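The following paragraphs offer a guided reading of the cysteines in a protein structure. The reader is invited to keep the sequence and the coordinates in view throughout.

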Amino acid sequence: MKIKYGGFRVTTLALLVISLSASSQADCPADLNGDNTVNIDDVFTTLGLWGVCPDPCPPYCNGDLTEDCTVDVDDIFEILGEWGPCDEIYGVELAGNVLAEYPYFEYVRAFNEGSDVHVALDPSRFPEITGETCDVFIVEGKTYDEWNSNAALVDVTGTGPQEVTFTAGNIQSNTFPISGSSSLSSEAGIGIGKPYDVVLDMNRNAILDGGDYIDGYDPSEGIIKIHGMYVVHDITQAGPLSVTTIDYSGGSWLGQRTYFPTNIGSMGAIPLVVISHGNGHDYTWYDYLGEHLASYGYIVMSHQNETGPGIETASTTTLTNTDYIIGNQSTIGGGVLNGHIDVGRLVWIGHSRGGEGVARAYDRLVDQSYTPTNFTSEDIVLVSSIAPTDFLGTGNSTPHDVNYHLIYGSADGDVGGYPTNPIAQSFIIYERAEGWRAATYVQGADHNDFNCCGFNDFEGPAGTEIGRPEAQQVSKSTYLALIKHFVDGNAPAKEFLWRQNENLKPIGVASSTIYDREFKDSPASGQFVIDDFQSQPATTISSSSGAVSYDVSNIHEGIMYESDGSFTWSASDPMNGMTRARSSDPSSGVVFDYSSDSYLEFEIISSERDFTDDVYLSFRACQGTRHPNTVSYLGDHDFAVTLRDGTDTASSIHIGAYLGGIEEPYQRTGNGSGAGWQNEFETIRIRLTDFLTNGSGVNLADIEAVRFEFGPSYGSDEGRIALDDIVVSNDVSAPIPGSLSIRLITGAGDLIPPGIPITMTALISAANEELVPDTTMFHYRFNGEPYTTVPMTPQGNDQFEAVLPAAFCSDIVEFYFSAEGTESGVIYLPLGAPDDVFSPAIGEMAVVFEETFDTDPGWSTEGLWAFGHPTGGGGQYGGPDPTNGYTGSNVYGYNLNGDYENYLPERHLTSTAIDCTNLTDVHLKFWRWLGVEQPAYDHAYIRISTNGSIWATVWENTSEIADEAWTEIDIDISAYADNQPMVYLRWTMGTTDSSWQYCGWNIDDLRLTSFVCEDPP
């Protein structure tokens, strides 16, 4: 099957050569029997002609397709390479939406469920369709191989294929609504968008064959298969998977809540999303997001975040918690996650200080100032910040080239974008991102709308507050689309990241909710940058060295830095409202204003004038905060974009044709006179072929200039506008993460029992490459001897088994794994092997002390501390006490009948002395049910002493805690308890302030564990 492509979709020519024009049929020399199809009959014909051509040769004989004067096996290969109908199949864009003005139609991929689908073909671009009648089929999306094995067309609209006739004239008269399209299924499992292909069956034989047109058949897309259209369900709603949530702790600053699909055991390795909360927030406050993402097939872990001291500690806890869950997946939740964390697809999301912390954590990985045990910077696929701070500034809090996203509320009363305080200007970090990046700016949302329980800090005009539930609808749908695209390569998800909200919005987001989207391709994506204002600072020359001409007024190019600390308009601060950079950052753009017809034109350098191998003209724009022109023309701003070719033929499109203009600044007051907050960029992408509509005559192969035209004749009467990132881009996506990887599913862990061979299973995934056969190896040694290398045994499903021989208490064991990929070469687990290896201790962690609290152990109590049966009382804030112990009826608790008091001094529960002589690696484990306000107000502690008088704190609350179930706690106390004859443990309630009472401490089933080893007899 052969295909021509007339829609200017850029692909890699991997399987078939794709023509970029709907030209006449090529000759079909491999069709030896003249039936217009290259098939098995032509193979048989070749066999009948087999042998040396008659002399003289040339002229070549029939069947000699390679023109070597012999009909042989080489000619068979030529036939196989031309297999299929001789007539071409034309690949074009067909599905889309009707527009009210030029270009009158937009080709899109994503349609919300229930939306009408239209099909259009412009006779000025495809004159051969004029007068033709065909059947339009909407069919289930097929892969290249599926089309080749079954080219039958089966319409799925419920009304059958639709007959249409194309006429001479314009695209408007050749646009057709598709009956039944609004009832198309959106069922995509855990994906976004059910795929469909759209076919114009020109010979009406219900088969995709020569002469037909198809939107969606593109064999060279590779790993990401792009279909003609996708019907998308309400992505604010939960996915199809049930979700399990577990709470646990690995020690200090390692409290974690993890959400995962309940049926994870059958799912293989899936991506991990890590959430790092902000200062004064709590890791339990992100259920809405964790449950949502887990229901679509992700593991989500939210963790305690040490934000109080600052961003460096916040970044450290992101790194250590990510390391912990990966390294302890065999034991967390009884091992339910074991082998199911795809370490090569990690996502970090941070809020507030945590939002800066995740950017800083990635910066530390890149700078190699922090080296995790279980992952590297290459495993981080995506970093996203929710309203991040910027304490550390230029050169420290930077996402580098990782895929980066920002979501932020215009009514944020904490990290509010204040012109006087760059620490509170979130977009600064976004502007530092050097790779693929996206931003979502939500009008009427505040700082704590993106968690469950932070106080309302809304600052904005009355009547514009959208509230927490609505903000979280935006957040859930944005994060789902973001992760589905950047982690899984989902094609329609990308359109929810760049199409303006007036053009495409998730079904569950209110029509009145306004949010601005930015999207920028990576510089490595093959785009041509016309001007990004990062070089050539003169306003008369672009960063691509083309000439810039203009008659707009007061033009200024420079760093997007609000310099005078006020949003009041001042001509001395031309970047007013630009909270996009510190003075030390390089992020630059251009600003200007106009009150009559004006233009700004960018010359295209001669080597880049051929736009036929590109898909979009893209740029971002915003209105200037509190400028008189903005104030007097308050509303979405419209202007025209014009392409002019080398013959001065031009074609213009109003950006408002696609339903959205440039949003006016959110009308928040303060920080100067007037109304209007920080500048709100939006990305505009115009398909280049839209400029060809209705025979415009412009030549995309010779574009001389891109012109922006403003004023009454082109849209809005007057305005103050900023422009940036003017590029010509391809329709490509960020690379799908994935190369050869080795993950240990079952194995030795940190301890192995003596005298028993250990069977280990590794998941060796080739991802987007191939595993070289017979290269999966297990390397081990004992006591420093040379390594023994043995092949691993295949078990199916990418699993390989290795056996470590029995070791004994006196042994030192070291081992590692290796495999070779066709692209990656030899890789190792651990990553740094053979220098960095697994070296588990020989022995086990045994319970050396246990107190079940079934009877009163007689510990010392103060205040309302008591032994007994909790009654489920209290819960003025947080939740109430439990009604039973974790096991049995009794616990030790602070006020078994209700909440702790206001103005409470420290009150202690102190154990009797515990003998830890000859014990090593001692851990304290117990079950906790605790309610306590955040530590700015109320406190809970765990302390330890080896003499009963000097106490060390080993745990304290770093945020609000409101347990609603028993939670197991594991604290490493070895630094204090190892080999000590008298160890005292103390739980402290208090101090507390004058308001907000919680249920306080409840503890049950306490154990001390220690490392022990005894060789078997």
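In this predicted model, the link between C809 and C1013 is left-handed, with -95 degrees about the S-S bond. C809 lies in the loop between β43 (799-804) and β44 (813-821), while C1013 belongs to the segment after β59 (1002-1012), so this pair ties together parts that are 204 residues apart in sequence. The two sulfur atoms stand 2.0 Å apart, and a pair of cysteine sulfur atoms counts as a disulfide when the atoms are within 2.5 Å. As for the surroundings of the two partners, C809 has a relative accessible area of 27% and is partly exposed. C1013 is likewise partly exposed, at 26% relative accessibility; the class applies because each value falls between the 20% under which a residue is buried and the 50% over which a residue is exposed.

The link just described belongs to a wider set: a search of the whole structure finds four disulfides. In general terms, such a link is a covalent bond between the sulfur atoms of two cysteines.

Another of these links is formed by C57 and C69, whose sulfur atoms are 2.3 Å apart. With -100 degrees about the S-S bond, the link of C57 and C69 is left-handed. Both C57 and C69 lie in the loop between β3 (51-52) and β4 (70-71), so the pair ties together parts that are 12 residues apart in sequence.

A further disulfide joins C452 to C453, with a distance of 2.1 Å from S to S. The torsion about the S-S bond of C452 and C453 is about -90 degrees, and the disulfide is therefore left-handed. C452 counts as partly exposed, at 33% relative accessibility. Its partner C453 has a relative accessible area of 40% and is also partly exposed.

Attention may now turn to cysteines in the interior. C622 has a relative accessibility of 1% and thus counts as buried. Where does C916 stand with respect to the nearest cysteine sulfur? C916 is in no disulfide, and the nearest cysteine sulfur, that of C1013, is 19 Å away. Is C916 buried or exposed? C916 counts as buried, because its relative accessibility is 0%, and the cut-off for a buried residue is under 20%.

Note on methods:
Residues are numbered from 1 along each chain as its sequence is written. This is a predicted model: local features need pLDDT of at least 70, side-chain atom pairs count only at pLDDT 80 or more; totals for chains, interfaces and linings use all residues. Side-chain values use heavy atoms; hydrogens and water are left out. Helices (H or I, at least four residues) and strands (E, at least two) are DSSP runs, numbered from the N terminus. Buried means under 20% relative accessible area, exposed over 50%, partly exposed in between (1.4 Å probe, protein chains only).
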